Amino acid sequence: MAPAFMVGSRAFCYDLPLILKRVYMSPYDLHCHSKVSDGTLSPRELVLRAHEQGVKVLALTDHDDMRGLAEARVAAQECGIELISGVEVSVTWGGNTVHIVGLQVDPAHEQIVAGLQRNRAGRAERAQKIAEALAKLGIAGALEGAYAFAENKELIGRSHFARFLVDKGHVRNIKAVFKKYLVKGKPGYVHHEWASLPEAVEWIRQAGGMAVLAHPGRYLMGKDKRHLLFEEFKAAGGAAVEVVCGSHTPDQIPVYADLAQEFGLYASVGSDFHAPGENNRELGKLPPLPERCRPVWSAW
Ligand code: AMP
Ligand code: MN
Ligand code: MN
Ligand code: MN
């Protein structure tokens with residue numbers, strides 16, 4: 001018999017794991033990565049996995065590259081999932097790296113294609129510097145090691161270094177590697193100047209898309225600076241903010257739902273899935289948006 005449990009004075013007698021799975025299932029997942037950037041699945045594998053998980057509308061949002069969308073679209077047509085053309089643009093704002101997701105973006109639009117190409121061009125040089133910094137700490141072979149994890153060499157990034165460091169046993173998991181080596185203030189962090197915030201929003205808008213401020217709860221900045229980020233994002237033409245996402249804790253959801261309302265922004269939902277078993281994330285495994293939010297898809 002299924003276990004009984006109490007909520008307040010009411011007794012429930014359901015299969016608890018099944019309930020949790022239901023609670024944490026969203027038909028929309030508007031943020032994820034394939035190995036065209038720093039995910040580990042091919043675009044096709046990613047779409048099929050999302051379908052298996054029960055996702056109905058999926059946006060593939062690789063970092064600074066939209067070349068996975070064509071393959072994803074073929075797979076989406078096969079399994080009947082709705083695919084949204086997306087991208088996650090790296091931006092430097094106020095000395096922080098900020099990510100802007102574009103949804104419903106034309107992947108062939110000249111301006112964004114050129115902009116993303118420019119963002120990618122700096123990655124090789126930064127990778128070299130990260131490897132040099134790690135070598136100084138006694139970690140040899142990081143450049144080749146990281147490249148071995150990067151299917152798309154133009155997109156070499158910190159996640160590839162992180163996987164190399166875990167693989168070699170320097171750190172026990174991805175989260176710990178970032179904390180120890182790869183975030184701002186740590187020895188393997190190398191500053192890089194990405195696109196500006198207005199540029200990224202403009203590229204997305206010109207390509208017919210909506211700009212979404214990604215995982216705002218992840219940026220290491222105080223309340224005032226965060227407020228300024230929202231102001232400048234809105235002024236630049238930003239349309240939405242991720243309220244429910246893989247890196248938000250349950251108590252951050254209402255905070256960003258409030259900010260979405262305050263700034264007249266739509267609310268988005270995305271797992272930021274990268275790899276099976278990594279960072280405890282799964283496609284579509286997300287709680288619902290608070291009722292007061294205007295979902296980004298209501299604008300489509
Ligand atoms: P990059 O664009 O090369 O600077 O890499 C950024 C990527 O690193 C993000 O998209 C995440 O996939 C990953 N990342 C950044 N910070 C963390 C963190 N604290 N824990 C796990 N992954 C992270
Ligand atoms: Mn990533
Ligand atoms: Mn991101
Ligand atoms: Mn992401």
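Colleague: Which residues coordinate the manganese ion (ligand 4)?

Modeller: In this predicted model, the manganese ion (ligand 4) is coordinated by four residues, namely His31 and His33 through their NE2 atoms, Glu88 through OE and Asp272 through OD, at 2.1 to 2.2 Å. Water is not among the atoms, so a site may look incomplete when you read it.

Colleague: How are the donors of the manganese ion (ligand 4) spaced along the chain?

Modeller: Reading from one donor to the next, you find the spacing H-x1-H-x54-E-x183-D. Distant parts of the chain are linked in this way: histidine 31 belongs to the loop between strand S3 (28–29) and helix H2 (43–53), whereas aspartate 272 belongs to the segment after strand S9 (266–270), 241 residues apart.

Colleague: Which residues coordinate the manganese ion (ligand 3)?

Modeller: Here the donors come from Glu88 (OE), His99 (ND1) and His215 (NE2), again at 2.1 to 2.2 Å, and their spacing along the chain is E-x10-H-x115-H. Glutamate 88 is in strand S5 (residues 82–93) and histidine 99 is in strand S6 (residues 96–103), so this pair ties together parts that are 11 residues apart in sequence. Notice that Glu88 is a donor to ligand 4 and also a donor to ligand 3.

Colleague: How far apart are the manganese ion (ligand 3) and the manganese ion (ligand 2)?

Modeller: Those two ions are 5.5 Å apart, while the manganese ion (ligand 4) and the manganese ion (ligand 2) are 4.5 Å apart.

Colleague: Let us turn to ligand 1: where does ligand 1 sit?

Modeller: Ligand 1 occupies the largest pocket, and the residues around it include Asp38, His99, Arg123, Phe178 and Asn279. Helix H5 (123–136) and helix H7 (158–167) each supply at least two residues of this shell.

Colleague: How many nonpolar, polar and charged residues does the shell around ligand 1 have?

Modeller: The shell has one nonpolar residue, six polar residues and five charged residues. A polar contact is read from a pair of N or O atoms within 3.5 Å, and by that reading an oxygen atom of ligand 1 is 2.8 Å from a side-chain N or O atom of histidine 63, while for histidine 274 the corresponding distance to an oxygen atom of ligand 1 is 2.9 Å. Taken alone, ligand 1 exposes 500 Å², of which the protein buries 86%.

Methods: Residues numbered from 1 in each chain as written. Chains lettered and ligands numbered in written order. Predicted model: local features only at pLDDT ≥ 70, side-chain atom pairs only at ≥ 80, totals over all residues. Heavy atoms only, no water. Near = heavy atom within 4 Å. Polar contact = N/O pair within 3.5 Å; in protein donor to acceptor, adjacent residues only side chain to side chain. Areas by Shrake-Rupley, 256 points an atom, 1.4 Å probe, with all protein chains shown as cover. 1 Å grid on protein atoms, 1.4 Å probe; cavity = no way out; pocket = protein on both sides within 12 Å on 5 of 7 lines; lining within 4 Å. Sits in = over half its atoms within 2 Å of the grid points. Helix = DSSP H or I, 4+ residues; strand = E, 2+ residues; numbered from the N terminus. Nonpolar A, V, L, I, M, F, W, Y, C, P; charged D, E, K, R; others polar. Donors = N, O, S within 2.8 Å, 3.2 Å for Na, K, Ca; no water.
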